[in-house]
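Visitor: Mind walking me through this one? I'd like to start with the DNA side, then move to the fold.

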There are 2 protein chains.
Amino acid sequence: MNRITIALVDDHPAILNGLQMILQGFPDVSVSGAWQNGDQLLDGLQAGAPEVLFLDIQLPGQDGLALCRRVSADFPDTRVIIFTNVEDKHTIRTAFQNGAAGYLLKTAGSREIREAIDAVHAGDQYVHGELKDQMFQQIIQRKPSRYAPSLTRREKEILGFIAQGSSNQDIADKLSLSVRTIENHRYNLMQKLDVKNTAALVRKAMDLGLAS
Amino acid sequence: MNRITIALVDDHPAILNGLQMILQGFPDVSVSGAWQNGDQLLDGLQAGAPEVLFLDIQLPGQDGLALCRRVSADFPDTRVIIFTNVEDKHTIRTAFQNGAAGYLLKTAGSREIREAIDAVHAGDQYVHGELKDQMFQQIIQRKPSRYAPSLTRREKEILGFIAQGSSNQDIADKLSLSVRTIENHRYNLMQKLDVKNTAALVRKAMDLGLAS
DNA sequence: TCATATCTCCCGGGAAACCATTAATATTAC
DNA sequence: GTAATATTAATGGTTTCCCGGGAGATATGA
């Protein structure tokens, strides 16, 4: 019988081992490689590409998504499952755009790993149920992400105006405040959200669900 | 043994009958009402509220979501499952904001109906898997809106950098171009998107799906 | 009530973005 | 191979934002 060949990439040896352990529990699966970074992966693939590749995208000094793209392009028969803790919309979207076939959070258990392997091996897309739930919750109750810093009422209000494209002067007029005050709030907002200009502020506010 | 009391509202007799048929297949469930519009529902509830209510929100001449809100407020012990074909984000969001406990598409089979009943009866939220999948697909394959003006390759590239929070200088360095050139592209972008500052540019780009 | 957080407003200088136009090259497309 | 579009870049002036500090007023809550 043909066993499904699987390879793994993760910079944490513990996770690499843990995942390997789970996979060894599947009789029809054989692990053909377990690497800790992109270079090892690319080397290893020369010796033969696996049918399924578990890829962490938070690798030190490397862009895991670019790696995914490269592997998908160079080894079209290899189905890549992103195996990570990253769960923001943008990363997920980019992953699939870069050729990923599946997306699993590291909270996944043996059962979900099994489902993911079977799905992608059959040519389907697989998405972790937990992830779908989270996305759904984000859609239905536009609540700020739990990673969002807490903003004061005034700050939220002003952030809303900024995200709508109002200038400081506009906001000052609308709220009957001094432009200086708005400038200051804006400055504080950038501090709290850890960004250095308006573009990044708007972007991050939207990503975190702080602006509609 | 206490059977779960369930009532139904749908303006199509066929669906009403079909759903009732499925529910009769569950031994621990008893259908306490089957109505064709909101008025009948409100009358019927006077005689005793069910534990679970299947509610279509496309009722002739009535706002099904408002009905959902009213029932949820007046009969807090009744768990409402929206049973409909409507699957747009806004409707779904409003449904849950109006007190819905579950959301099922009419494509649901006996098994999903069973799951939905059990989930909401246990106090959990239930969302049709098909719906979650569709929402997820919307998120990951975001194509530019058809209302988006056409941007040149360079413009898209630069818009991407701007949305990430890069300054003109940053972008100029990365692309080995003059800051003047970037300024110019940025200006053209604002013209094309009809906005007057960076904040609005980023916002609009995201709304139109031009920036990930 | 007293402390802490928030909101308001100020200064001032430097940096960046905004605006409108022109124009020389590249690239495509027909 | 010419016409249309895209890309690059410039001028030069205007406006807005960015930054970091301080300081009084006003809530809010333990």
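Guide: Sure. One term before we start: a residue is near a molecule or strand if its C-beta atom, placed from the backbone, lies within 6 Å of it. Also, this is a predicted model.

Visitor: OK, so how many residues surround DNA strand D, and which are the closest?
Guide: There are 22 around DNA strand D, and the closest are A:Asn168, B:Thr152, B:Arg154, B:Leu177 and B:Ser178. Elements giving two or more residues to that surface are α8 (168-175) and α9 (179-193) of chain A, plus α7 (153-163) and α9 (179-193) of chain B.

Visitor: Which element gives the most there?
Guide: α9(A), with five residues. By type, the surface near DNA strand D has three nonpolar, 12 polar and seven charged residues.

Visitor: And what comes nearest to DNA strand C?
Guide: A:Thr152, A:Arg154, A:Leu177, A:Ser178 and B:Asn168, out of 22 residues around that strand. Here α7 (153-163) and α9 of chain A and α8 (168-175) and α9 of chain B each give two or more residues. The largest share, five residues, is from α9(B).

Visitor: Switching to the fold: what's the strand order in the sheet of chain A?
Guide: It's an open sheet of six strands, β2-β1-β3-β4-β5-β6, with parallel pairing. β2 (29-35) and β6 (126-127) are the edge strands, each pairing on one side only.

Visitor: How many bridges link β1 and β3 of chain A?
Guide: Four, between residues 4-9 and 52-55. Within that pair, A:Leu8 has A:Phe54 as its bridge partner.

Visitor: Where does helix α2 of chain A lie?
Guide: Across β1 and β2 of chain A, with α2 (residues 38-46) running at about 135° to β2(A).

Technical notes:
Residues numbered from 1 in each chain as written. Chains lettered and ligands numbered in written order. Predicted model: local features only at pLDDT ≥ 70, side-chain atom pairs only at ≥ 80, totals over all residues. Pairing = 2+ DSSP bridges. Contact = placed C-beta atoms within 7 Å. Axes fitted to C-alpha atoms, helices over the stretch in contact; angles between N-to-C directions. Nonpolar A, V, L, I, M, F, W, Y, C, P; charged D, E, K, R; others polar.
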